[in-house]
Amino acid sequence: MSAVRTRFAPSPTGYLHVGGARTALFNYLFARKHGGTFVLRVEDTDAARNTQEARDAIFSGMEWLGLDWDEGEGKGGDFGPYNQSERKENYDRWFEVLREKGRVYEDDGAWRFRFERKPITMHDLVCGEVTIDYTDESNTPDMVIRRSDGSYVFHFVNVVDDLEMQITHVIRGEDHLMNTPKHLQLFEALEAQPPLYGHIPLILNPNGSKMSKRDVGAAVGDYPRQGYLSAGVVNFLALLGWSPKSDEEIFTIEDLISRFSLEAVNRAPARFDAEKCAWLNQQHLLKLTPEAFAEAAKPFVEAAGLPVDGDYPAVAATVREKVRLLAEVPDAISFLLSDELSYDAEAVEKVKGNAAAKGLLTALADDFSALPEWSLDTAKNQIGETAKAAGAKPGQLMFPVRVALSGKAHGPDLGDILALLGREKSAERLRSFVGKLD
């Protein structure tokens, strides 16, 4: 295999879609796997729809995902410029080649490429052998490659760019599969070696409909704002159409590079599963050290108006195994960083259903205040002792204590809550909660 060169060629007309990000990822993994080059070029010839905001979204999305390109925006390279809007001279030059060969003709101001009337067979690296018969001109009319205003269409500039940038492998969505025979005819007319093509399956919504830009989970830019780690999203995207041929599901980018192959890309469309994405993100959160987790969650906690000094790192660490997204952290720990508690109504009603709760909590508050020393062990032991003294089981007291201290039915380990709140605050919250049970 000659030196591998892949490319991702987005159009800056909107945000980076997960489908585009998955295409970029597969090209990146293939290039890295084979020690090759990953090119980022921008198909920005549609001046009416291109925006700087969309352009920035593409680059920031790629950077957030960690898909560092070798050539293109900000990197330079030997085959630039890498924006199609700057390459008109290149297209004019190759257009003249086709005109000299008699392969284009004018039609009402536009110029059409004259197809050879024969079957075209492509050997796709994912889809296998596909043949399109160009014999019948009525269903495969000659295509316009230059409009009447002098601008060039996608098919032509795409081929010229791949030719000049020496792209060896084009990995793109299956929606481009039927374009490939057209591109092969252009390469043949230009007497150039075409790249190898691999068309990857589309991404569908859970109900089987095609995923549009308006669907949940479509915009890559939303993921960091929702508290996803880029490692979790990359892991998820890789499994949309590619299989490791094992039961493994948790992969780092290094794992994916070593394991990726086009042979392992599925033919069937991939189904987007938001729950699976969140679960995978949780698995990557669990790989973080407590310190790294606290640091990653800090922007979300600060945005919620909560303090991130003092006990914050220890407080954050208590929910590392409880949350799936970093955006869930502020709500999960607010009761440990603020004295303003909001109580879950359903949890409070459940406590009210325990006739012994009020008396047990009152007794526990007094017992906490009387403890000579305060630690995780002494506090938890006291819960058992108080319950025992009242002829109750410790389990009958655990849930009411959790709700009294946190306002929630679920959360960090009760021992961690007690240790972080301390004796006085724990006793105070128990007494305050008892007043809400009337």
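What follows is a chat between a student and a tutor about this predicted model.

Student: Before we start, what are the ground rules for a predicted model like this one?

Tutor: Residues are numbered from 1 along each chain as its sequence is written, and side-chain values use heavy atoms, leaving out hydrogens and water. Since it's a predicted model, totals for chains, interfaces and linings use all residues, side-chain atom pairs count only at pLDDT 80 or more, and local features need pLDDT of at least 70.

Student: Cool. What is the strand order of the open sheet of three strands?

Tutor: Helices (H or I, at least four residues) and strands (E, at least two) are DSSP runs, numbered from the N terminus. Two strands pair if DSSP finds at least two bridges between them. Here the pairing is antiparallel and the order is β4-β5-β8.

Student: And which strands sit at the edges?

Tutor: An edge strand pairs on one side only, and that goes for β4 and β8 (143-146). Neighbouring strands of this sheet are turned by 45° against each other on average, direction ignored; axes are lines fitted to C-alpha atoms, for helices over the stretch in contact, and angles run from 0 to 180 degrees between N-to-C directions. So much for the twist; the edge strands are β4 and β8.

Student: How many bridges join β4 and β5?

Tutor: Strand β4 covers residues 104-107 and β5 covers 110-113, paired in the antiparallel sense. Y105 stands opposite R112, and D107 stands opposite A110. The bridge count for the pair is four.

Student: Which residue in that hairpin takes a positive phi?

Tutor: The hairpin has two residues between its strands. The one with phi near 55° is D108.

Student: Which helix packs on the sheet?

Tutor: This helix touches β4, β5 and β8, where contact means heavy atoms within 4.5 Å. Its direction makes about 135° with that of β8. The helix, residues 88-100, is α3.

Student: How far apart are the ring centres of Y91 and Y152?

Tutor: Rings of Phe, Tyr and Trp (its six-membered ring) pair if their centres lie within 6.5 Å; planes under 30 degrees apart count as stacked, over 60 as edge-to-face and the rest as tilted. With 65° between the planes, Y91 and Y152 are edge-to-face. Y91 lies in α3 and Y152 in the loop between β8 and α4 (154-164), so the pair ties together parts that are 61 residues apart in sequence. Centre to centre, the distance is 6.0 Å.

Student: Which residues make up the ring cluster?

Tutor: The search of the whole structure finds 15 aromatic pairs. Ring pairs link five names into this cluster: Y91, F95, W111, Y152 and F156.

Student: Is R7 buried or exposed?

Tutor: Buried means under 20% relative accessible area, exposed over 50%, partly exposed in between (1.4 Å probe, protein chains only). R7 is found in strand β1 (residues 5-8). At 6% relative accessibility, R7 is buried.

Student: Which side chains make polar contacts with the side chain of R7?

Tutor: A polar contact is a pair of N or O atoms within 3.5 Å; within protein, one must be able to donate a hydrogen and the other to accept it, and residues adjacent in sequence count only if both atoms are side-chain atoms. One contact of R7 comes in at 3.3 Å and another at 2.9 Å. The partners are N158 and D162.
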